[in-house]
Amino acid sequence: MRQEQHLVIIGNGIAGVTLAQHVRRHSACRITLISAESATHFPRTALMYVYMGHMRFQDIVPYEDWYWTEQELELVHDYVEQVDTAKKTLSLRSGASLSYDVLVLATGSSAAFYNWPGQHLKGVQGLVTLQDLELMEQNTQGIKQAVVVGGGLIGIEMAEMLKSRNIGVTMLVRDKLYWQNVLPLEEAQMITDHIRSHGIELLLQEELQEILADEHGAARAILTRSGKEISCQFVGITTGVKPNVAFLQDSGIDTDKGVLVNEYFETNQPDVYAISDCAQFRNPAPGNPTMEQLWYTARLHAEALAATLLGKRTAYERGPWFNSAKFLDIEYQTYGFVPARFKEEQESLYWQNDEATKAIRLVYDKNTHLLLGINLLGIRYRHDLCHHWLKQGYTLDQVMQELPAVNFDPEFFQRYEQELLNQYYTRFPEQAPPVHQNTWWQLRKRFGLLSDSASC
Ligand SMILES: Cc1cc2nc3c(=O)[nH]c(=O)nc-3n(C[C@H](O)[C@H](O)[C@H](O)COP(=O)(O)OP(=O)(O)OC[C@H]3O[C@@H](n4cnc5c(N)ncnc54)[C@H](O)[C@@H]3O)c2cc1C
């Protein structure tokens, strides 16, 4: 970006802001961030803590007003109604217009609704935006019972939010277990049980048929596909998100579900790019999704595009997959490829504690022993090391050697990971040390985690 150019970014979410910051670090060009949702950036993932009373909205806002002035990042709180790619101008809802040299669409996504009868009733809503949070605050005042439709990550967050206010929650989940289309059976069972242990009613293999109205046009109950009627005053729709691209309809920018881009985030229009939740790859790398709608990938998209805009055309290479979330009290981290159902050539080592609150799964290729992925529940591993193993193509055998170094909690390793190691030696007896030298403390010593004098 040259100094005299104007970079306009629609969307001040994590993708838009990360891009602006990276470009600003190396360019004095004019940069404008536009958002209809809020005047300033906030982390969407923290909205639930505001509802639960852990923080106020102002506590989750990471940058104070002076920051934007100091960085010379112009903020416009408005909605872009139209993009004219021929004239390189934007028409805003306020009536103003803005011209750009380079335009980046970082417009995120909104809750997806699937035309259920009654979905427009009062008390029915999704949870993505700040306005959704405000609406949820109004819609849940004094209510007793809620239904959350959809068994994904936003669904469980919404259920936790409602429970924090002593509102009864029923969750409708299409699969036999919670998130069974993503988690292997054991993890899905563990989380299903954990959700139930929090007093949330999980209705499995159930789908929403209709939302029924009371005499004031508000939700009074839902009807499931199997014919159950569940009385409620609030219906949370958490059946996925859809990219915010409707306003681009007449712009000449190609869209499908999202804005179609190549690996440089280029759209079909010159000087127009799209990143993060709203972008859809035309030709993703084999095995990769067409859309990546995560916090972590939002930052990676922004960093790759910033390099391109700063003159070093850079193709996006995500590297090993990573995601993290929280299922009530259980933290979840996943690295690389952990399928819900294994193919013939895939196998795993799996351990979980007796209380079913912690689990580790290492997935590998049966033939090559190459590590494919890691699932962690209730345990946190060092991100850099997991990433390194997958990026460098470690075999399971190499991973087992370094296992003691990956856990933040040595005590935990002493008590539990030895079991994983035993499983490994049972499955691969040829790898077992002759006199069982590779006990946990010896491995830790090898990796400098224990002094010679320390005893177990
Ligand atoms: C409740 C919740 C919990 C989540 N938890 C996790 C998690 O634990 N881990 C994880 O990896 N991901 C999580 N996600 C997903 C993650 O937050 C998103 O992938 C990420 O925030 C997307 O960032 P973005 O910058 O692409 O878009 P956004 O943050 O959505 O920002 C886009 C902005 O553009 C604005 N905009 C859109 N169209 C226009 C227009 N025409 N004019 C002006 N402004 C416009 C929008 O209003 C919005 O403010 C969660 C999402 C939600 C909703």
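In this predicted model, the side chains of Arg361 and Glu186 meet in a salt bridge, with an N to O distance of 2.7 Å. Arg361 lies in strand β24 (residues 359-365) and Glu186 in helix α7 (residues 185-197), so the contact ties together parts that are 175 residues apart in sequence. The two partners were assigned to separate burial classes. Arg361 counts as buried, at 4% relative accessibility. Glu186 is partly exposed, with a relative accessible area of 36%.

Arg361 also forms a salt bridge with Glu187. Here the closest N and O atoms are 2.7 Å apart. This pair, too, links distant parts of the chain: Arg361 sits in strand β24 and Glu187 in helix α7, 174 residues apart. Glu187 counts as buried, because its relative accessibility of 2% falls under the 20% cut-off. Through shared partners, the salt bridges join Glu186, Glu187 and Arg361 into one network.

A search of the whole structure finds 19 salt bridges. Among them is the pair formed by Lys326 and Glu160, whose closest N and O atoms are 3.2 Å apart. Lys326 belongs to strand β21 (residues 322-327) and Glu160 to helix α6 (residues 153-163), so this salt bridge ties together parts that are 166 residues apart in sequence. Lys326 is partly exposed, with a relative accessible area of 25%. Glu160 is buried, with a relative accessible area of 15%. Side chains of opposite charge can pair when their charged atoms come close.

Strand pairing was examined around β7. Strand β7 spans residues 102-105. Its side chains point in two directions: Val102 and Val104 face one way, Leu103 and Leu105 the other. All four are buried. Strand β1 (residues 6-10) runs parallel to β7, and four bridges join the two. Within this pairing, Ile9 stands opposite Val104. Strand β19 (residues 272-274) also pairs with β7 in the parallel sense, over three bridges. The bridge partner of Val104 in β19 is Tyr273. Val104 therefore has a partner in β1, where Ile9 stands opposite, and a partner in β19, namely Tyr273.

How values were computed. Residues are numbered from 1 along each chain as its sequence is written. This is a predicted model: local features need pLDDT of at least 70, side-chain atom pairs count only at pLDDT 80 or more; totals for chains, interfaces and linings use all residues. Side-chain values use heavy atoms; hydrogens and water are left out. Buried means under 20% relative accessible area, exposed over 50%, partly exposed in between (1.4 Å probe, protein chains only). Two strands pair if DSSP finds at least two bridges between them. A salt bridge is a side-chain nitrogen of Lys or Arg within 4 Å of a carboxyl oxygen of Asp or Glu.
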